Amino acid sequence: MKTIVLRSLAVVAGAVVSLGLSASSGARTASGACPMSHVRYGTYPRVEAGLAKVPWISSVPGGRFKGHLFFYGAVPWARKHLLGARIFTTAKPRTINPKVLWITRATGYGSTLRIEGERLDATGSFSGTFKGFGDYPSYVNVPDPGCWRVTVTSGRISGRVVFSASN
């Protein structure tokens with residue numbers, strides 16, 4: 001009986017992981033659930049001291065980009081330690097900007113970062129380009145509420161994250 005229960009749990013866990021990975025890697029969401037990237041509140045190896053307390057996300061595949069969510073300090077999501085990546089739209093004026101510092105140390109990055117957003121739950125897109133060289137300060141200017149896959153690319157390096165955006 002114990003073996004059957006353990007096998008059943010392993011199958012369920014595998015299904016959950018499989019669904020999460022396929023949704024985060026690009027599948028459109030039909031269920032209404034947004035497969036948000038995981039926000040982390042601790043540090044990672046070799047993070048600069050000034051960034052140690054800034055919540056961050058890691059891109060897929062392989063965590064080639066870390067996105068430090070500077071705007072989280074002014075919204076309740078960080079105080080509540082919510083795990084899903086959230087962002088606000090730029091449709092309404094605010095006293096803060098959706099600033100994200102993208103960092104990569106993978107071989108092949110360039111002097112510019114291209115951000116492309118694609119809405120997963122409806123039609124919509126946005127894009128922007130920012131200067132840097134391994135560290136890219138940016139504003140992720142999401143135009144409308146919804147579920148957004150954001151692809152960041154510099155040189156030969158690319159990664160994706162998913163945000164749930166609200167006004």
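**Exercise 1. Find which backbone oxygen the side chain of Arg 119 reaches, then place Arg 119 in the fold.**

Start with the contact: the side chain of Arg 119 comes to 3.0 Å from the backbone oxygen of Pro 145. Keep in mind that we're working with a predicted model. Next, the location: Arg 119 belongs to strand β5. Last, the accessibility: Arg 119 has a relative accessible area of 15%, and buried means under 20%, so Arg 119 is buried.

**Exercise 2. Work out whether Ser 59 is buried or exposed, and list what it touches.**

First, find the spot: Ser 59 sits in the loop between β1 (56–58) and β2 (66–69). Then check the area: the relative value for Ser 59 is 3%, so this residue is buried. Now look around it. Leaving out residues up to four places away in sequence, Ser 59 touches Arg 64, Phe 65, Gly 159, Arg 160 and Val 161. One of these partners also shows up in a polar contact: the Ser 59 side chain reaches the backbone nitrogen of Arg 64 at 3.5 Å.

**Exercise 3. Locate the disulfide, give its handedness and say which parts of the chain it ties together.**

Count before anything else: there's one disulfide. Its partners are Cys 34 and Cys 147, with an S to S distance of 2.1 Å. For the handedness, take the torsion about the S-S bond of Cys 34 and Cys 147: it is about 75°, so the disulfide is right-handed. Now place both ends. Cys 34 is in the loop between α1 (2–24) and β1, while Cys 147 is in strand β8 (residues 146–154), so the pair ties together parts 113 residues apart in sequence. To finish, Cys 147 has 2% relative accessibility and therefore counts as buried.

**Exercise 4. Go through the salt bridges: which residues pair up, and which are linked in a network?**

The total is five salt bridges. Take three of them in turn.

- Glu 48 pairs with Arg 105, their closest N and O atoms being 4.0 Å apart. This pair links distant parts of the chain, with Glu 48 in the loop between α1 and β1 and Arg 105 in the loop between β4 and β5, 57 residues apart. Glu 48 is partly exposed at 45% relative accessibility, and Arg 105 is exposed at 53%.
- Glu 116 and Arg 114 form another salt bridge, with 3.4 Å between the closest N and O atoms. Glu 116 is partly exposed at 39%, and Arg 114 is partly exposed at 34%.
- Glu 118 meets Arg 149 at 2.3 Å, N to O. Glu 118 lies in strand β5 and Arg 149 in strand β8, so this bridge ties together parts 31 residues apart in sequence. Glu 118 is partly exposed at 29%, whereas Arg 149 is buried at 11%.

As for the network, its members are Glu 48, Arg 105 and Asp 135.

**Exercise 5. Classify the ring pair of Tyr 109 and Phe 133, then look for other contacts made by rings.**

A search of the whole structure turns up seven aromatic pairs. For Tyr 109 and Phe 133, the ring centres are 5.0 Å apart and the planes are at 70°; over 60 degrees counts as edge-to-face, so that's the class. The two residues are 24 apart: Tyr 109 is in the loop between β4 (99–103) and β5 (112–119), and Phe 133 is in the loop between β6 (125–131) and β7 (135–139). Tyr 109 is partly exposed at 26%, while Phe 133 is exposed at 56%.

Elsewhere, ring pairs join Phe 71, Tyr 72, Trp 77 and Phe 88 into a cluster. Finally, check for charges over rings: Lys 66 lies over the face of Tyr 44, 5.5 Å from the ring centre, and the charged end of Lys 99 sits over the ring of Phe 70, 5.2 Å from its centre.

Terms used: Residues numbered from 1 in each chain as written. Predicted model: local features only at pLDDT ≥ 70, side-chain atom pairs only at ≥ 80, totals over all residues. Heavy atoms only, no water. Helix = DSSP H or I, 4+ residues; strand = E, 2+ residues; numbered from the N terminus. Buried < 20%, exposed > 50% of the residue type's maximum accessible area, 1.4 Å probe, protein only. Polar contact = N/O pair within 3.5 Å; in protein donor to acceptor, adjacent residues only side chain to side chain. Contact = heavy atoms within 4.5 Å. Phe/Tyr/Trp six-rings, centres within 6.5 Å; stacked < 30°, edge-to-face > 60°. Lys NZ or Arg CZ within 6 Å of the ring centre and 35° of its normal. Disulfide = S-S within 2.5 Å. Salt bridge = Lys/Arg side-chain N within 4 Å of Asp/Glu carboxyl O.
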